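I opened this notebook to keep track of what I looked up. The entries are short and follow the order of my reading.

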Amino acid sequence: MASARRLKRVAASQPGFINLKSASDSAGSASSRRKRVNKNKKKSWNKHSDINDIDDFLEDVRHQERTTGGLLSEKSDDSLFFLDIGQPKKAEQKEEEPVEGKKRKGKVSRPLRIDLILQHDSLVQPPKDVLAYQQPNAKKLRRIAQKAEQLAAKGVVPRRQKQLLNRRPVDRTVKKAVTEANNNPDREYYDIWGQESKNTADPWYLQQTGKKLVKRPEKLNEKPSVLPAVEVIAPGGSYNPDFFSHQALLQEAHDIEVKKQKEEDKIARQLAVNRADTATEETVFNEQVEGLVEEENEEEVALDEEEEDGAVGAIVLADKKTEKKRKREKAEKIKEQQRLADRRQTDQRQQLFQLRSIKASIKQQAQKTQAKQIKRKAKQEAQKAQPRRLGKLKFQPQDMEVQLSDELAGSLRRLKPEGSVLKDRFKSLQKRNLIEPRERAKFKRRLKLKYVEKRAFREIT
Amino acid sequence: MGGLQKKKFERGSATNYITRNKARKKLQLSLPDFRRLCILKGIYPHEPKHKKKVNKGSTAARTFYLLKDIRFLLHEPIVGKFRDYKVFVRKLKRAYGKTEWSAVERLKENKPTYKLDHIIKERFPSFIDALRDIDDALCMAFLFSTFARTGKCHVQTIQLCRRLTVEWMNYVIASRSLRKVFISIKGIYYQAEVMGQLITWLVPYQFSHDHPTDVDYRVMATFTEFYTTLLGFVNFRLYHSLNLVYPPKLDSKTESELKDEDDYAMNSESYLEKLSALSASLARVVSTAEEEEAQLDQFPVEGEDIETMEAREKEEKQQEAQKKLFEGLKFFLNREVPRESLAFLIRCFGGEVSWDKSVCIGSTYDVTDETITHHIVDRPNVDKQYINRYYIQPQWLYDCVNAKILLPVEDYFLGVTLPPHLSPFVEEKDGDYVPPEKLKIMALQRGEKPAQEDEEEEGEEEEEEEGEDEEEEEDDNEEEDEEEEADEKNLKIMEEQRSQGKSLKVKVTPGKVKVENAARLEQEEKAEEKRLAIMMMKKKEKYLYDKIMFGKKRKIREANKLAAKRKAHDDAEKSDKKKKAKTRK
C-alpha cells in the first residue's frame, strides 16, 4: 500500500499531470521500514523493485485516452470547458420537434440503454493487425513468382505441373452412369439389336467368373396365354354406339348380373333358417318333460333285445366233406373248365366268319378315339385362352364397362369415362397368366387394443 | 423281391415344380424382390396338370414355378443387385438411426442400381420380337404418363413415360402408320401398322383417374420399369429406320417458327412440351425431300393367282390414299375438344393443325387465318363464324380415318345429332348383320355418291338394295335349279315316249338368233361348275358342305331379321319425330 501511495505522489509531481482523483492521502506513510535487498541480479531486481507507480501512471494515461481521446493536459481549454449562458437550446429543440413528431408523438425514440452499454465507448482506435497488411515471406514468394514467369516465357513447364498434366484424369462420368436409375427421364438409349456382342475375352474365364450370361431356354419365350395384349372393347362400348351393338352389350352385362344375383340368392336360400327347426311351445314342453313321464313300451324293447342276443350267439358248424363228394366236385370243376375252353375255341373259330363286323367295330372304336382326341385338343386350345388357377385365389373378371342408354353422352365433350384403364391393364395381366391373382394383404394387429377412459371424461360420468 | 422301397414324390412331376416360397428361399430374396425378378425376367407361374402329385399329396392351392425356370434365375446378375440393395437399405437405416449424416451421404452416393438392357436383349433376341410385344408397353406407358404426380409412383417414371409416348406418337406421325381409331367409353384405342406388325394400344382419357385400391401398384411399376426400357430401345430403332434424329429434335425450320413462350413451362420442360404439341415435324439425319413412292414390286408367287395379287395391289393403293387423307386441309381446334388426340390424328394423315395460343404451346396459326378449311367444335353453337370453313364435330375426323375417305361433312355439322361411331375393329363376314351406317360408308368407299338431299332415306334405300341384291342372288340360284328340273322333266317325258315306241312329234320352227349375254353365260357356267362340284362330293364332304351352307343361311336369316328390326326401330323413331314436329306446330 505504502509503495503505491509513494508512486502516485511521484506521478503527480510530474509536470503537467492532472490527477483525476484529487486524493489528499499524502501524509502518514513514513512509518514503514525499508527492507534491504540485493539488487545485483536481474531476477532480484525484477522481484524487489516497485513499479506500481509507473503502472498507475500508465493506467491513468490510458484511462484518459479512452475517455477523452488524449491527455487532458495537452488539450486546449476550449475543448474542455464551455460557457454556461442559461438555456439557449430551447429554440433549436422546438425546431426539431415537428420532424420527430411526424414519426411518433409523445416519447422521442431513443436507443435502448442496454444497447448504449454495449456500445464501444473508447475513443482510442483499435490496434491494427500488422499481419493483415504484411505478407510473410513476401520477398521469397515474389522472387519465386518472378522466376516462374521467366520460365513460362521461355516455355519451360515446372516439374510439378508436368506431373499433374501427365496424371490420368479421374473419370467421373463412369461413376455417374453406374448410379443412374432405370427411370431417369433423360436416360440414353442405343441400338441394342444392331451391335454384336463385344465379349471377346476367354469364354472359360467369363463362365468361371459368372460374367457370361446363361442362354435363355426357348421354352420361356412362349406366352402363357394366347389372348392378345389389348382386347378391344365390344362395338357397343363406343361413346356413341350403334343401337343394336349397344343393346347386345347391355344384354351381355345383364346376363352376367343375373348370374351373380342367382348365386347370391342361392346362398341366401341355403343360409335361411328352416321354419321346421324352430322351437314351438310343444317341442319346448316335450323337452322339459323328457325322462319324467314313464313310457309303457320300454319293457317291450328290453324283451326284444334279449331275443336278439340269443339269435346272434348261434354259430352253424359245417359238416366235413366226404371223399365221394370231394371227387365229384373236382370232376365237375374239370368239366366246367373244359366246357369253357371249348366255348372259347369255337368262339375264336367263329370270329373268322365275323371278320366284317369285327372290322366295323374296330373302325368304330378308332373313330370314337379320334373324335375324343379332337375334342381333347379343342379343349386344350380353349384352355390356353382361359386364365389358369395360379394361386390361392381364382381369377375374377372385371366388371363390364357399360353405360346405360340414358348415360350415353351425345358428344365427345360430355363423355364420362367408364371404368379404370389401370384396373383393366392389371386384370389383363392376370388373365394372361402373367401374374397370379392376389388380394391386398390385410392389416393384422400384433398387440391387442386397450381402451382406457380418460380422466377428464371419467369425471363427467 | 428286394431293393429299396421307392419313396413317394421323388420322381416325376413332383420334381419338376417348385412352390413359390421354396423358390424364394432358394434365391434368397424377399417376396417383393422375387416377384419383381420374375416379372423382369419373364418367368410366370405355372399350373401343373396333376396338382395333387406336385403338391405332395395335398390339394391346397399354391403357386408353382417350374424348377428349371428358377434354376435359370439363379444365374441372373440382377439377383446380386437385389441383395446389394437390401444391404444398402439396412446400412442407410442404421446411419439414419445414428444420425451419421456423412455416412448417409456416402451411402446414397453409392446406391446400387441395375440395368435391364441385357434382359431386353435376352427376352427379345430380334427387333421384330420386341415390336410384337410392344402393345403392352405402349398401354402401360400411356397409362402412367397420365398419372398425377402425387406420389402414387415416382415422378421420374411419369416423366419418362411421357417422354417415350411423345416419341412414339411422333414416330407414328412421321411414318404415317396409323390405321384405326376407336373412341370407347374406356379410352381411345389406336391401331398402327409398324413394319408389318399391327400394334394396338389404349390411351386413357385425361384426368379420368380414380385410383382403384385393388390394384397392386408395385407390380404395375415393375412392369412399367421393364416396358419403358423396351419402348426406349424400340423407339431408337424406329427413329433410325426413318433417318430421324434420336432423341427427337424439331425441324430447324419449324423450331425457328415456334417462338419461345417463357411463361408456358420451365426451360427444362419446354422442349418436351413443344415436341408433345405434335404440331411440328422432326429433324432428319439426312435432310432429304420425301422419297418418291416406290412402285409396288410384282413378284408373282406360284401359289397365288392374279386375283389375290390385284386385291393386294388395290389394298395397297387404298392405304396410300388413306395416308394422305387430310393432306391439304387446314384444321383449327377449338379449346373444348381433346387436343392431343385430334392433333395426333390430323398430323398422322398429313393435315395441318393449330389451336388457340392459350390452350397449348406450339400453335402455328390463329383462328382468324382465312385459309382454315375445317374448324373442330364441340359445342352447340359458335358466336362468330367464318363463312369459308366448315364447323364440324370431332367425331368426323375419327370416322373419316376409319372409313379411309373423307365423309360428307353434313352429318357432323354443329348441333346435328351425330351418326353412331362404329368400331373399326369389328370385321363382318358375309352374312353377318351390318349396321346401315356401315353399309352407307361402304357404298361411299366404292365411289357411289348419294344425293345431297334426304341423306337418310338414301341410306335406307341402299340398305334395301343390298338386301334385295342378296335375295336376288339366292333367287337366281333357285331359278336355275328350277329350270334344270324342268329340263330334266322334259327329257324324261321324251324318253318315256320313245320307250313306248311312239314317234316323237317333230316340228320345225324358224330359228331365233340367241342373244348371247357373255356375262350371263359366264355366270351360268360358273354356277354349273359349282353344281357339278357339289355333285361330285363324297358323302362325308357333302354332309359338311350342307352343314356349312345351312349355317350361312341361318346367319343371313338372322341378319335379315336384325335389319328388319332396325328398320322398324328407325320408322318408329321417325314417326315419333314427325308427331313431335306436328305437336310443336
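What follows are my entries on two chains and on the contact between them.

**Entry 1. The kind of model.** I noted at the start that this is a predicted model.

**Entry 2. Chain B as a whole.** I looked up the make-up of chain B and found 21 helices and nine strands. Of its 585 residues, 41% count as buried. I then turned to the contacts inside chain B with a separation of 6 or more, and 62% of them join residues 24 or more positions apart.

**Entry 3. Chain B against chain A.** How many residues of chain B are in contact with chain A? I found 105, and they meet 73 residues of chain A. The area buried between the two chains is about 7700 Å². Carbon and sulfur atoms give 62% of that area. On the side of chain B, I wrote down Ile185(B), Lys186(B) and Phe233(B) as the residues that lose the most area to chain A. Together these three make up 11% of what that side buries.

**Entry 4. Charges and polar contacts between the chains.** I looked up the salt bridges between chain B and chain A, and the count is 14. I picked out a salt bridge in which the side chains of Arg187(A) and Asp117(B) meet, at 3.6 Å from N to O. The count of residue pairs in polar contact between the two chains, both at pLDDT 80 or more, is 35. Which element of chain B gives the largest share of the side that touches chain A? Helix α12 of chain B, residues 217-241, does so with 13 residues. I also sorted the residues of that side by type, and they divide into 52 nonpolar, 24 polar and 29 charged.

**Entry 5. Helix α12 of chain A.** Chain A has a helix α12 too, at residues 243-271, and I looked up its span. This helix has 29 residues and reaches 42 Å from its first C-alpha to its last, close to the 42 Å expected at 1.5 Å a residue. In α12(A) I listed Phe244(A), Ser245(A), His246(A), Leu249(A), Leu250(A) and Ala253(A) as buried.

**Entry 6. Leu71(A).** I found Leu71(A) in the loop between α3 (52-68) and α4 (77-80) of chain A. Is Leu71(A) buried or exposed? Its relative accessible area is 24%, so Leu71(A) counts as partly exposed, since buried would mean under 20%. Leaving out residues up to four places away in sequence, I noted that Leu71(A) touches Val61(A) and Gln64(A). I also checked Asp60(A), which is eleven residues from Leu71(A) in sequence and 9.5 Å from it in space, C-alpha to C-alpha.

**Entry 7. Backbone details in chain B.** I looked up the peptide bond from Tyr246(B) to Pro247(B), and it is cis, with omega near -5°. Pro247(B) is found in the loop between α12 and α13 (252-257) of chain B.

I then turned to Lys56(B), which has a positive phi of about 55° although it is not a glycine. Lys56(B) has its place in the loop between α4 (51-54) and β2 (64-66) of chain B. With a relative accessible area of 46%, Lys56(B) is partly exposed.

Lys404(B) also went into the notebook, with a positive phi of about 65° although it is not a glycine. Its place is in the loop between α17 (395-403) and α18 (436-446) of chain B. Lys404(B) is partly exposed, with a relative accessible area of 33%.

Conventions: Residues are numbered from 1 along each chain as its sequence is written. Chains are lettered from A and ligands numbered from 1 in the order in which they are written. This is a predicted model: local features need pLDDT of at least 70, side-chain atom pairs count only at pLDDT 80 or more; totals for chains, interfaces and linings use all residues. Side-chain values use heavy atoms; hydrogens and water are left out. Contact means heavy atoms within 4.5 Å. Buried area is the accessible area (1.4 Å probe) that two parts lose on being put together, summed over both. A salt bridge is a side-chain nitrogen of Lys or Arg within 4 Å of a carboxyl oxygen of Asp or Glu. A polar contact is a pair of N or O atoms within 3.5 Å; within protein, one must be able to donate a hydrogen and the other to accept it, and residues adjacent in sequence count only if both atoms are side-chain atoms. Helices (H or I, at least four residues) and strands (E, at least two) are DSSP runs, numbered from the N terminus. Ala, Val, Leu, Ile, Met, Phe, Trp, Tyr, Cys and Pro count as nonpolar, Asp, Glu, Lys and Arg as charged, and the others, Gly among them, as polar. The expected span of a helix is 1.5 Å times one less than its number of residues. Buried means under 20% relative accessible area, exposed over 50%, partly exposed in between (1.4 Å probe, protein chains only).
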